[in-house]
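This report looks at one helix, the nonpolar core and the main pocket of a protein model.

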Amino acid sequence: MHLQIETFTVRKRFALTISRGTTAQSTNLWVKLEHEGIEGWGEASPFSTGSRPQTTEILLAALQEVAPLLEKFTPFDRQKIEQVLAEVKLPSAARAGIDMAMHDWLGQKAGLPLWKMWGLDRSRIVPTSVTIGINSPSGARERVRDWFGKDPAGIKYRAVKVKLGNTAGIEADKAMLIAVLDEAPANLKISVDANGGWSLKDAAEMCHWLEKYKINYVEQPLSLLADMEDFSELYGQSPLPIFADESCFNSSDIPKLAHCVHGINIKMMKSGGLTEAMRMIHTAKACNLQVMFGCYSDSAIANTAAAQLSPLADYLDLDSHLNLLDDPFTGAIVENGCLLPNGRSGLGVRRVEIGE
């Protein structure tokens with residue numbers, strides 16, 4: 001099989017600010033795998049959790065180096081290929097691009113969408129949240145109107161994730177959240193994500209404060225560097241469910257978190273693709289944890305790949321491509337607030353035609 005890698009740059013409609021900084025655009029990698037006249041597609045997106053950056057340059061170099069090693073294999077050799085990628089210590093986002101492309105190829109070869117190959121039920125897919133980044137109260141109100149009050153297509157989103165962890169402190173977080181709640185439509189499901197921006201003391205205070213606003217869950221309240229004792233203490237104090245994101249990359253991270261969180265956030269770029277994402281789902285369920293899917297600055301390729309597994313998720317946050325001005329791809333579609341994989345074979349992703 002032959003790998004080809006191309007870069008493409010996407011720009012956000014609204015720059016996204018989290019506790020670690022602001023992102024306005026991203027240069028991602030389009031991974032194309034050709035074998036027997038069929039071309040499977042995947043995506044590798046740069047990201048950083050603060051301590052383990054995977055830049056575009058790192059990912060591109062890694063993919064170009066490993067491509068010749070894979071030419072002797074076929075997309076049916078997933079176990080052998082996984083071993084090779086582990087041996088060369090390929091970054092997780094680069095592995096994700098290859099893994100997605102192999103799955104896309106296999107689905108096209110079988111003539112079936114992946115969700116149907118896995119026997120999954122699309123009617124079980126929950127609504128995806130859309131994201132409000134850290135902002136001033138007035139700026140947060142405007143973002144709520146951007147998502148829920150100015151959509152010419154009439155798409156009705158039913159869930160929102162609010163980014164907290166403002167460097168100005170938790171009083172700024174509270175003021176912003178109140179502004180969002182005042183502006184948001186009724187019956188909206190709301191979660192918050194601190195991206196590790198709180199101390200244990202602030203996290204405990206915020207979890208109790210957030211409870212009265214019926215927040216669904218709190219994601220990554222403590223830093224990636226926080227020890228398990230802090231997570232355990234917060235777990236014992238918090239009246240709200242706690243989800244781990246930056247602290248959970250793959251299935252091996254889950255057992256050590258099982259006693260101190262209520263759920264985990266799976267992202268294609270952290271996990272290394274659909275193969276490991278499936279392992280993470282089964283591991284989390286075996287540990288009695290809930291599962292959510294998230295994203296970075298991913299295009300429709302990666303989010304459509306995640307959508308193939310989304311009938312198995314309790315929560316979804318697959319909105320990054322919905323905030324892009326120039327996504328060159330289209331795949332999963334939004335219906336009644338839910339991101340649904342389509343009926344085309346493989347991932348079901350295609351290039352956006354001029355004029356679309």
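The sections below cover the basis of the model, then helix α7, the core and the pocket.

## Basis

This is a predicted model, in which local features need pLDDT of at least 70, side-chain atom pairs count only at pLDDT 80 or more, and totals for chains, interfaces and linings use all residues. Residues are numbered from 1 along each chain as its sequence is written, and side-chain values use heavy atoms, without hydrogens and water.

## Helix α7

Helix α7 (a DSSP run of H or I, at least four residues) covers residues 200-211. Its end C-alpha atoms are 17 Å apart, which agrees with the 16 Å expected for 12 residues at 1.5 Å a residue, the span being 1.5 Å times one less than the number of residues.

Buried residues of α7 (under 20% relative accessible area, 1.4 Å probe, protein chains only) include Leu200, Met206, Trp209 and Leu210. Among the elements covering the buried residues of α7 are α6 (170-183) and α8 (228-237).

## Nonpolar core

The largest nonpolar core (buried Ala, Val, Leu, Ile, Met, Phe, Trp, Tyr and Cys joined through side-chain atoms within 4.5 Å) has 114 residues. Trp198 and Leu210 are among those with the most contacts inside it. Helix α3 (residues 92-110) gives the largest share of this core, 9 residues.

Leaving aside neighbours within four places in sequence, Trp198 is in contact (heavy atoms within 4.5 Å) with residues including Ala203, Met206 and Leu210.

## Largest pocket

The lining of the largest pocket divides into 11 nonpolar, 16 polar and 11 charged residues. Here Ala, Val, Leu, Ile, Met, Phe, Trp, Tyr, Cys and Pro count as nonpolar, Asp, Glu, Lys and Arg as charged, and the others, Gly among them, as polar. A pocket is an open set of points on a 1 Å grid over the protein atoms alone, where a 1.4 Å probe fits, with protein on both sides within 12 Å along at least five of seven lines; lining residues have an atom within 4 Å of a point.

Key
Helices (H or I, at least four residues) and strands (E, at least two) are DSSP runs, numbered from the N terminus. Buried means under 20% relative accessible area, exposed over 50%, partly exposed in between (1.4 Å probe, protein chains only).
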